[in-house]
Amino acid sequence: MKRIRTSTKARDNRLIKLLKRIVLVLFILFLCVVIAGVGAFEYLKIQGKNASQGVAVGDTYSEIIEYDGKKYKYNENMVTVAFLGIDKTELTDLGESDFAGASDAMMVVAIDTRSKKARVIALPREIMTEMNTYYDGTDEVRQQEVHQLYLAYSYGGGGELSCQNAVETISRVLYGVSVPYYYALDLDGIAALNDAIGGVVIKPKCDIPAYDIVKDKVTTLKGDASQSYVRTRDTENAEGSLERLDRQVQYVESFVMQVAPAIMTDITKLYRLYDVGSQYSRTNLTASDAAYLASLLMSGGSVTFDTYTIDGEMTTYEDETLENTSHAAFYPDEDSLMKTVLDVFYTRIG
C-alpha cells in the first residue's frame, strides 16, 4: 500500500481554509438572524403605523376651536396613550364584592407622528371630574357622578371596562381629546420593568429610610425600592400626592432616558421589555403598536419629550359616610389646563 505523506504545512493550510469556511457560515447565519430581526421590526412598525392611522378621533371635541380670540385646529397626526399605575398586584376581572383597584398614577403620552415630538401630561389623581359608574358586574351605566379621577378605574370590575372608563374620564378632563390607547400596569410590574433594565438611576427628591434612599444622593433603584419611590406619599399632607406625582414624572423620565440608548443599540430589548410588561399589565397596544411608537421616539437618535403638569388648587373635604375622615380634591385651573391641551393637541391657525 502506498502511503501518502502530508506535510504539517499542508495540514495547516487545509485547517485554515476549513476555519475560514466555518467563520463564513457563522457570519452568514448571524447576518440572516439580524436581517430577519430588522425585517420583523420593520414589519411591526408598518403594522403599528397602519393601525394608528385607522384610529378614530373622538367626537366629543370640536376639530376647530376658538379660544381667547384665536383659532386652533386639532392635530390629526397625534397618537395618544394613557399610562395607568394601578394599586393592585393583579389586573383581573373581579366579582361584585371585590375592589377593582384605582389608578394611583396617570400620565398621557401624546406623540406627533409627523414631527416625532412627544409630550407627557401628568395628571393629579385627585382631579374632581364627572365619570360613569356601573351596576356591579355589568357594563350598564348606573349614572354619572363626580369623584376623584383615580376612582374611574374602580368602576369597571378591574378589567377592560375599568381601563376604558379611566381613559374616557381622562379624555373628559382634557376637554374631550381622543385617548384611544391605554397601558395599565399593576404594582408588581414596577419592580419587574425596573430590574429588566438593570435598575433606574435617579437623584432622589425625598428620603425613604427603609430602602436607604437619601434625598439628593444619586442612587440606583432596584426591586421594591423602585415601587416604594413612586408610591410613597405623606398622607397627612394634602399636597402629598402632588409631591409623589413629581417623583413619578422624574422616575419615568429617568427610565426612558436610560432604556432608550439600550434599545437603539439592540432592538430585541424592546421585545423583552414588552414581554416582561405583558405579565403585569392590561393594554390595547399590540407589539406592532409598541414598535411603531418606539421607532417614532427614537427616529432622531435620542429620546426627548416635554412634560406638563396641571396647575390648580388642592383642598380637602369631609367624608359624609366615615367619621373623622377627609379626602383630597384637586380643582384644575381651567385656563392653564386649556392652554396645555391647546399646546399639546392643537395647532394655531388664526
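Start by selecting Asp 212, in the loop between strand S9 (200–202) and strand S10 (219–221). The model is predicted, and every stop on this tour refers to it. Asp 212 is not a glycine, yet its phi is positive, at about 55 degrees. Is Asp 212 buried or exposed? Its relative accessibility is 67%, so Asp 212 counts as exposed, the cut-off for that class being over 50%.

Next, go to Tyr 175. This residue sits in the loop that runs between helix H2 (160–173) and S8. Tyr 175 also has a positive phi without being a glycine; the value is near 60 degrees. Its relative accessible area is 31%, so Tyr 175 is classed as partly exposed.

From that loop, move on to S8 and show the sheet around it. The sheet is open and has six strands, in the order S11-S8-S3-S4-S5-S12, with mixed pairing. Colour strand S11 (281–283) and strand S12 (305–309) to mark the edges: each of these strands pairs on one side only. On average, neighbouring strands in the sheet are turned by 15 degrees against each other, direction ignored.

Now keep strand S3 (residues 78–86) and strand S8 (residues 181–185) on screen. The two run parallel and are joined by five bridges. To look at one of these pairs, select Ala 82, whose bridge partner in S8 is Tyr 182.

Add helix H7 (residues 287–297), which packs on the sheet. Which strands does H7 touch? Its contacts are with S3, strand S4 (103–112), strand S5 (118–122) and S8. Viewed against S4, the direction of H7 makes an angle of about 65 degrees.

For the last stop, hide the sheet and select helix H3 (residues 187–196) together with helix H4 (residues 224–231). Two packed helices are described by the angle between their axes and by the distance between those axes. For H3 and H4, the angle is about 125 degrees and the axes are 8 Å apart. H3 is therefore oblique to H4, and their crossing is right-handed.

Show side chains to see which residues meet here:

- From H3: Leu 187, Ile 190, Ala 191 and Asn 194.
- From H4: Asp 224, Ser 226, Gln 227, Val 230 and Arg 231.

Colouring this contact by residue class gives four nonpolar, three polar and two charged residues.

Technical notes
Residues numbered from 1 in each chain as written. Predicted model: local features only at pLDDT ≥ 70, side-chain atom pairs only at ≥ 80, totals over all residues. Heavy atoms only, no water. Axes fitted to C-alpha atoms, helices over the stretch in contact; angles between N-to-C directions. Helix = DSSP H or I, 4+ residues; strand = E, 2+ residues; numbered from the N terminus. Parallel < 35°, antiparallel > 145°, perpendicular 65-115°, else oblique. Left-handed = near helix turned anticlockwise from the far one by under 90°. Contact = heavy atoms within 4.5 Å. Nonpolar A, V, L, I, M, F, W, Y, C, P; charged D, E, K, R; others polar. Pairing = 2+ DSSP bridges. Buried < 20%, exposed > 50% of the residue type's maximum accessible area, 1.4 Å probe, protein only.
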